[in-house]
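Thank you all for making time this morning. I would like to walk through one structure with you, element by element, and I will try to be careful about what can and cannot be said from it.

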Amino acid sequence: MSDDHPWWRTAVVYQVYPRSFADSDGDGIGDLRGVIDRLDHLEDLGVDVLWLSPVYPSPQHDNGYDISDYTAVDPVFGSLADLDELIAELHARGMKLLMDLVVNHTSDEHPWFQESRRSRDSRTRDWYFWREQPNTWRSFFSGPAWTYDEATGEHYLHLFAPQQPDLNWDNPDVRAAVHQMMRWWLDRGVDGFRMDVINLIAKEPGLPDGRPPGHGARLHELLQEMHREVFAGREGLLTVGEMPGVTVEEAAGFTDPARHELDMVFQFEHVGVDHGATKWERRPLHLPALKASLARWQEGLAERGWNSLYFSNHDQPRVVSRFGDDGACRERSATMLATVLHLHRGTPYVYQGEELGMTNAPFSGIEDFRDVESLNHYATAVAAGQDPGEVLDALRRTGRDNARTPMQWDASPHAGFTSGTPWLPVNPNHAEVNADAQRRDPTSVLAHYRRLIELRHTEPVVAHGDFTLLLPDDERIWAFTRSLDDVEWLVLGNVSGDVVDVPLPDWAGARILLCNVDAPDDLVLQPWEGRICVRP
């Protein structure tokens with residue numbers, strides 16, 4: 001494949017959150033054997049890459065994003081032999097494995113940190129950030145970003161939970177150890193990494209008060225060094241960097257192939273358009289803002305760099321409950337949202353259950369939640385005087401546990417996820433919303449995803465065509481064109497429960513290539529309709 005068209009531009013990635021995907025041994029927690037047993041589902045869907053959320057040994061304070069050993073598998077998920085088998089099974093099906101990697105911080109139970117906190121003269125003391133007088137930074141998970149450690153009388157930095165101390169990437173020994181670990185995984189057959197909050201590794205010198213890190217001046221240098229030391233000379237890999245707060249202009253630099261840093265980044269601008277002052281203060285969706293956000297990224301990365309396309313992942317509520325209608329129009333709004341997203345220019349990411357139209361869960365009380373971010377927010381907000389019922393409503397809308405309820409395979413008591421008691425309750429709607437019910441239904445959400453993925457694989461305009469947003473101010477219609485050479489497609493989404501006329505007379509009589517309703521070839525959209533049209 002030419003340098004202009006690397007393989008991942010026509011690929012679709014599927015994210016597996018292993019704790020909630022499939023449990024093979026009845027302990028109520030998903031595992032690697034469960035993933036292996038369900039690979040036929042991914043092959044049938046047509047995806048090219050499996051992104052595996054962390055399976056490393058971990059105390060699970062942040063569901064595996066607090067790693068205590070980078071070169072092993074937590075026994076709750078299986079063994080290295082199971083992971084080797086997963087890699088082999090994926091490769092045999094023509095798919096690749098993208099490992100989740102968290103190197104901004106470790107677990108406080110990692111040997112590096114255990115040694116670091118032992119004494120101020122420890123060999124790895126400078127592998128983390130220690131201060132007698134901490135700065136004013138706040139943790140993303142509520143509270144101060146510094147915790148006092150009595151053993152040595154200093155505070156250590158943790159931008160997330162206190163059990164997740166930040167690594168000091170200014171230390172060359174830290175970088176060398178991380179690079180060595182990454183090469184170890186690539187040598188084992190892994191095909192790349194999705195790197196958690198990777199922009200946070202570049203801290204401002206001296207850790208000044210004020211805005212926390214996010215885009216430190218050294219980030220380009222650190223990523224280029226990582227590329228040289230880990231990825232250079234290896235073919236067929238994929239590198240994805242999660243970067244909270246990254247701008248379009250910055251992303252173009254990070255993903256410019258000439259710079260040898262990353263293939264693509266995850267940005268958060270579009271999944272913040274319905275936030276108030278914080279993510280817990282939700283506003284009704286203003287469609288022009290969502291369209292404008294994604295269009296800005298389409299334009300900004302049109303000439304250099306590349307987009308990651310997603311609505312859902314392990315940190316986001318279910319998109320059909322967020323931007324769609326998870327009641328009577330669940331299937332139609334799920335397929336409309338999928339059509340719009342997958343027809344943008346970039347690499348689409350499907351989060352487990354998204355291809356079924358899974359919804360947010362009806363959590364009854366705080367005891368139903370497991371996520372550290374949600375639990376911390378509840379405790380902090382209630383202590384500050386907020387009404388507990390209102391705080392719970394915010395968690396139900398926005399909490400990360402919505403994405404982490406078990407995968408809904410069938411209509412059996414625990415949705416085919418486990419024969420035991422699931423670690424997080426299964427959504428009660430699994431009796432109707434499940435893979436088994438959709439697998440042979442040509443009108444299902446699952447079937448629609450199959451068709452969208454096939455279009456990306458077979459129609460060059462989807463992967464490589466230009467993007468032009470239409471009707472930017474329309475509050476119900478999402479419309480844009482994709483064009484390549486003499487091919488032009490119109491993509492339409494009705495983001496409402498109304499019947500709407502499309503004011504695009506130039507497209508009258510266009511042939512419908514794909515639609516989620518039985519629609520005539522006119523320019524009238526049914527509620528939550530999504531369609532792709534080709535010029536006559």
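What follows is a tour of a helix, some strands, the nonpolar cores and two loop residues.

Before anything else, please keep in mind that this is a predicted model.

Let me begin with helix α3, which runs over residues 80–92 and has 13 residues; at 1.5 Å a residue these should span 18 Å, and the end C-alpha atoms are indeed 18 Å apart, so the expected and computed lengths agree. Which residues of α3 are buried? They are Asp82, Leu83, Leu86, Ile87 and Leu90, and because they fall within an arc of 145 degrees when one looks down the axis of α3, they line one face of the helix. The general background is that an α-helix has 3.6 residues a turn, so residues three or four places apart point the same way. On the face of α3 turned away from that buried side we find the exposed residues Ala81 and Ala92. As for what lies over the buried residues of α3, the cover includes the helices α1 (32–37), α2 (39–45) and α5, together with the strands β2 (49–52) and β3 (96–101).

One of those buried residues, Leu86, deserves a closer look. Setting aside residues up to four places away in sequence, Leu86 touches Leu32, Val35, Ile36, Leu39, Leu52 and Leu97. Leu86 also belongs to the largest nonpolar core, a set of 130 residues in which Leu52, Leu86, Leu97, Met182 and Phe193 have the most contacts. The element that gives the most to this core is helix α5 (residues 172–187), with 7 residues. There is, in addition, a second and separate core of 17 residues, and among its members are Leu492, Trp507, Val517 and Cys533.

Let us now follow the chain out of α3. After the helix comes Gly94, which has a positive phi, near 80 degrees, and the loop between α3 and β3 also holds Met95. Is Met95 buried or exposed? Its relative accessibility is 3%, and because buried means under 20%, Met95 counts as buried. Leaving aside neighbours within four places in sequence, Met95 is in contact with Leu39, Leu42, Glu43, Val47, Asp48 and Leu90, and Leu90 is one of the buried residues of α3 that I listed a moment ago. For a sense of distance, the C-alpha atom of Met95 is separated by 24 Å from that of Gly465, a residue 370 places away along the chain.

The strand that comes after this loop, β3, has 5 of its 6 residues buried, so β3 is largely enclosed by the rest of the structure. Strands β2 and β3 run parallel and are joined by 4 bridges, with Val49 standing opposite Lys96 in β3.

A comparable description can be given for strand β11, residues 347–351, where 5 of the 5 residues are buried. Thr347, Tyr349 and Tyr351 point one way from β11, whereas Pro348 and Val350 point the other way. Strand β11 has a parallel partner in β1 (residues 13–16), through 3 bridges, and here Tyr14 stands opposite Val350. Strand β10 (residues 308–309) likewise pairs with β11 in the parallel sense, over 2 bridges, and Leu309 has Pro348 as its bridge partner.

For antiparallel pairing we can turn to an open sheet of 3 strands, in the order β4-β6-β5. The edge strands are β4 (130–131) and β5 (146–149), each of which pairs on one side only. Strand β4 is joined to β6 (residues 154–157) by 2 bridges, and Trp130 stands opposite Tyr156 in β6.

Finally, I would like to show you Ser496, in the loop between β14 (487–494) and β15 (500–501). Ser496 has a relative accessibility of 8%, and it therefore counts as buried. What does the side chain of Ser496 meet there? One partner is the side chain of Asn494, through a polar contact of 2.7 Å, and a polar atom of the Ser496 side chain also lies 3.1 Å from the backbone nitrogen of Asp498. Not counting residues up to four places away in sequence, Ser496 touches Arg476, Pro527 and Trp528.

That is where I will stop, and I am happy to go back to any of these places.

Definitions and conventions: Residues are numbered from 1 along each chain as its sequence is written. This is a predicted model: local features need pLDDT of at least 70, side-chain atom pairs count only at pLDDT 80 or more; totals for chains, interfaces and linings use all residues. Side-chain values use heavy atoms; hydrogens and water are left out. Buried means under 20% relative accessible area, exposed over 50%, partly exposed in between (1.4 Å probe, protein chains only). Two strands pair if DSSP finds at least two bridges between them. A nonpolar core is a set of buried Ala, Val, Leu, Ile, Met, Phe, Trp, Tyr and Cys residues joined through side-chain atoms within 4.5 Å. Contact means heavy atoms within 4.5 Å. A polar contact is a pair of N or O atoms within 3.5 Å; within protein, one must be able to donate a hydrogen and the other to accept it, and residues adjacent in sequence count only if both atoms are side-chain atoms. The expected span of a helix is 1.5 Å times one less than its number of residues. The arc is that of the directions from the helix axis to the C-beta atoms.
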